[in-house]
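Dear colleague,

I am handing over the structure below, and my notes on it follow directly after. Please read them with the coordinates open beside you.

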Amino acid sequence: MNTNTQADYAAFILRVSTGILFLAHGLMKVFTFTIPGTVGFFESLGLPGFLAYLTIIAELGGGVLLILGIGTRLVSLALIPVLLGATWAHAGNGWSFSAAGGGWEYPLFWTVAQASLVLLGAGAYAVRIPALQKSLGQFA
């Protein structure tokens, strides 16, 4: 018997779509901008270069975990600082993300989407790992 609600399906759609976006952004940093290029960009903003590595790992790992629905609440919560950093990095470019250098409205919206997943949880079609569910409870 299917006990999923409309909210479960909505969380599934939000979780998978943002997971795909995180994965795409992480892969773009690796293959398009290159890792050294991404490190250089972070340093040009006055940030330490190691944050570029952490961001790439967060986007790639977080994207996969969101797609699978593993630890959704914790993963989404952990990705919020990455998105707030992106909002800060693009703040000087204006509101619209179509502006030169990208604006801040898209990463801010994405932050709100992750906050929604923190509240909603994984939703339907999530991978359930009993040991993780036992240790993390509702945050699994």
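K29 and E59 are both buried in this predicted model, and their side chains meet in a salt bridge, with a distance of 3.1 Å from N to O. This pair ties together distant parts of the chain, since K29 belongs to helix α1 whereas E59 belongs to helix α3 (residues 50-68), the two being 30 residues apart. When the whole structure is searched, 1 salt bridge is found.

Helix α1, which spans residues 6-32, also meets helix α5, residues 105-120: their axes come within 10 Å and cross at roughly 135°. Because angles from 115 to 145 degrees fall outside the parallel, antiparallel and perpendicular classes, α1 counts as oblique to α5. The crossing in which α1 passes α5 is left-handed. On the α1 side the contact is made by A11, L14, R15, T18, L21, F22 and H25, and on the α5 side by Y106, W110, A113, Q114, S116, L117 and L120. Sorted by character, the residues of this contact comprise 9 nonpolar, 4 polar and 1 charged.

Helix α5 also holds T111, and you may ask whether T111 is buried or exposed. With a relative accessible area of 9%, T111 is buried, because the cut-off for that class is under 20%. Leaving aside residues up to four places away in sequence, T111 touches I80, L83, L84 and T87.

With best regards

Note on methods
Residues are numbered from 1 along each chain as its sequence is written. This is a predicted model: local features need pLDDT of at least 70, side-chain atom pairs count only at pLDDT 80 or more; totals for chains, interfaces and linings use all residues. Side-chain values use heavy atoms; hydrogens and water are left out. Axes are lines fitted to C-alpha atoms, for helices over the stretch in contact, and angles run from 0 to 180 degrees between N-to-C directions. Helices (H or I, at least four residues) and strands (E, at least two) are DSSP runs, numbered from the N terminus. Angles under 35 degrees count as roughly parallel, over 145 as roughly antiparallel, 65 to 115 as roughly perpendicular and the rest as oblique. A crossing is left-handed if the near helix is turned anticlockwise from the far one by less than a right angle, and right-handed if clockwise. Contact means heavy atoms within 4.5 Å. Ala, Val, Leu, Ile, Met, Phe, Trp, Tyr, Cys and Pro count as nonpolar, Asp, Glu, Lys and Arg as charged, and the others, Gly among them, as polar. Buried means under 20% relative accessible area, exposed over 50%, partly exposed in between (1.4 Å probe, protein chains only). A salt bridge is a side-chain nitrogen of Lys or Arg within 4 Å of a carboxyl oxygen of Asp or Glu.
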